[in-house]
Amino acid sequence: MDSTKLKQEIQERRRQAQSAPSESMPVEHNMAELRKLQPRYRGLEAGHRACQGCGEALAARLVTEAAGPDVILTNATGCLEVFTTPWPQSAWRLPWIHSLFENSAAIASGVEAALKAQGRKTKVIAQGGDGGTFDIGFQALSGMLERQHNILYVCYDNEAYMNTGIQRSGSTPHAAMTTTSPPGKERMGKRHLKKDLLSIIAAHHIPYAASASVAYPADIRRKVRRAVSIEGPTFLLIHSPCPLGWGIDSEISIEVARLAVQTGLFPVVELERGELTGVMPIRHPRPVADYLKLQNRFKHLFTDDPRAREEREHLQALADHNIEIYQLKGDGMDALDTDGADTVRRGGMVD
Ligand SMILES: Cc1ncc(C[n+]2csc(CCOP(=O)(O)OP(=O)(O)O)c2C)c(N)n1
Ligand code: SF4
């Protein structure tokens, strides 16, 4: 499907969704009823400075909403820190501590040890972007997991170092264009593969590690609640589109995130003590080209260059491989598969 057609399909779906009567929303606007549908608690307030359509901003709001107020956050530097805390302002409604790029997990470990010594049950959440997690903060993260600290680590994965100008990271997908992996004579975007971080994390035998996507908010909330209820180290990798770095319109950010899951390029899975225990099944797998075509970072894969087709086939093979190894293909209708899960009613306390 070409990208114009796909955009039209997305707009048509949105139009239908807006005109369809919803069981969960009263037809006449009753404010008391509407308030009941709102999240009970917000850890990240509106009015921060993220770009429109920023996946990271939405993901962080969902995480803090689900984790609840008795939480202390640490935050590796990166976009999330910069757009929420331009001194002297802060969009956080929780105790929140800045860390260096490389040591969010180390600071969280110290906070958790201090809370333990005081006999307090406050949960610690460490946060970082993919640069701060896959690459630069990985040593501190591995230590935190190995020492079994009672911490949830959340990685907001937008697949490049966005805050400093879109440099490639260990998480950038193969063939993507970034400012440090430009396509040209020598190569078609990033040469290397996206690091399989979740498997590396799972190899620490921690109680719970999972992936999620901003396209599926109820799934994120469920996984956060699960993770914070566990005593011990847990890890959540949230696929979070960056309109600026991916070269997409802000308004299709969520649709693009959903396509990453529906193509198999970003598998949504759960692992307990290293064993695969859950997946979000894909009801109708989509070709990777539907996902790639919407993004400028892959536009060189749709030229006459013979390497372009080869790279597209390579990416399709990677998606097919994910579908096979995680057994992602759904057998039929499933309320929690890639077509059903995002229709779960919105609002912090009702899923
Ligand atoms: C040791 C170190 N190297 C580099 C930097 C500069 N730096 C700050 S934020 C950042 C990029 C952050 O990327 P990522 O973690 O992926 O988060 P994003 O901004 O994409 O959300 C870099 C390179 C730094 N602060 N410290
Ligand atoms: S550059 Fe990307 S990650 Fe950073 S605030 Fe904008 S959309 Fe979000």
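1. Let's start at ligand 2. Its surroundings in this predicted model are made up of Ala50, Cys51, Cys54, Glu56, Cys79, Phe83, Asn158, Met162, Cys242, Pro243, Leu244 and Gly245. By type, these residues split into 9 nonpolar, 2 polar and 1 charged. If you want to find them by element, helix H10 (243-246) is a good place to look, as the largest share of the shell, 3 residues, comes from there. H4 is the other element to note: H4 and H10 each supply at least two residues.

2. Now move to ligand 1. This ligand is surrounded by 19 residues, and the closest are Gly78, Gly129, Gly131, Met162 and Asn163. The elements that contribute two or more residues here are H4, strand E3 (123-129) and helix H6 (130-135). H6 gives the most, with 3 residues. The mix of types is 6 nonpolar, 10 polar and 3 charged. Do look out for Met162, which is listed among the closest residues to ligand 1 and also appears in the list around ligand 2.

3. Next, step back and look at the whole chain. The protein has 13 helices and 8 strands. Of its 351 residues, 47% are buried. Take the contacts between residues at least 6 apart in sequence: 70% of them join residues at least 24 apart.

4. The sheet is worth tracing strand by strand. In what order do the 8 strands lie? They form an open sheet that reads E2-E1-E3-E4-E6-E5-E7-E8, with mixed pairing. Its edge strands are E2 and E8 (275-279), each of which pairs on one side only. From one strand to the next, the twist averages 20°.

5. Here are some pairings you can check by eye. Strand E1 (residues 71-75) runs parallel to E3, and 5 bridges join the two; Thr74 is the residue opposite Ala126 in E3. Further along the sheet, E4 and E6 are parallel and joined by 6 bridges, with Cys155 opposite Leu237 in E6. On the E5 side, 6 bridges join E5 to E6, again in parallel, and Ala210 stands opposite Leu236 in E6.

6. Strand E6 (234-239) deserves a point of its own. How many of its 6 residues are buried? The count is 6 of 6, so the strand is mostly covered, where buried means that 20 or more other C-beta atoms lie within 10 Å. In a regular strand, side chains alternate between the two faces of the sheet. For E6, one side carries Thr234, Leu236 and Ile238, while the other carries Phe235, Leu237 and His239, and both faces are covered.

7. What lies across this part of the sheet? Helix H3 (residues 55-67) lies across E1, E3, E4 and E6, and runs at about 160° to E4.

8. The nonpolar core follows on from that. Nonpolar side chains tend to be buried together in soluble globular proteins. The largest nonpolar core here has 87 residues, and those touching the most other members are Ala59, Val63, Tyr153, Val154, Ile220, Leu236 and Ile238. H3 provides the largest share of this core, 8 residues. Ala59 makes a handy starting point: leaving out residues up to four places away in sequence, Ala59 touches Tyr156, Val214, Ile220, Ile238 and Ser240.

9. Finally, a few backbone details to inspect. Most residues other than glycine have a negative phi, and most peptide bonds are trans. Which bond is cis? The peptide bond from Trp87 to Pro88 is, with omega near 10°. Pro88 sits in the loop between helix H4 (79-84) and strand E2 (96-98).

10. Two non-glycine residues with a positive phi also merit a look. Glu159 has a phi of about 65° and belongs to the loop between strand E4 (151-157) and helix H8 (197-202). His205 has a phi of about 60°, and its loop runs between H8 and strand E5 (208-213). Is each of them buried or partly exposed? Glu159 is buried because 29 other C-beta atoms lie within 10 Å, and the cut-off is 20 or more. His205 has 16 C-beta neighbours inside 10 Å, so this residue counts as partly exposed.

Note on methods
Residues numbered from 1 in each chain as written. Chains lettered and ligands numbered in written order. Predicted model: local features only at pLDDT ≥ 70, side-chain atom pairs only at ≥ 80, totals over all residues. Helix = DSSP H or I, 4+ residues; strand = E, 2+ residues; numbered from the N terminus. Buried ≥ 20, exposed ≤ 12 C-beta atoms within 10 Å, placed from the backbone. Near = placed C-beta within 6 Å. Nonpolar A, V, L, I, M, F, W, Y, C, P; charged D, E, K, R; others polar. Contact = placed C-beta atoms within 7 Å. Core = buried A, V, L, I, M, F, W, Y, C linked by C-beta atoms within 7 Å. Pairing = 2+ DSSP bridges. Axes fitted to C-alpha atoms, helices over the stretch in contact; angles between N-to-C directions.
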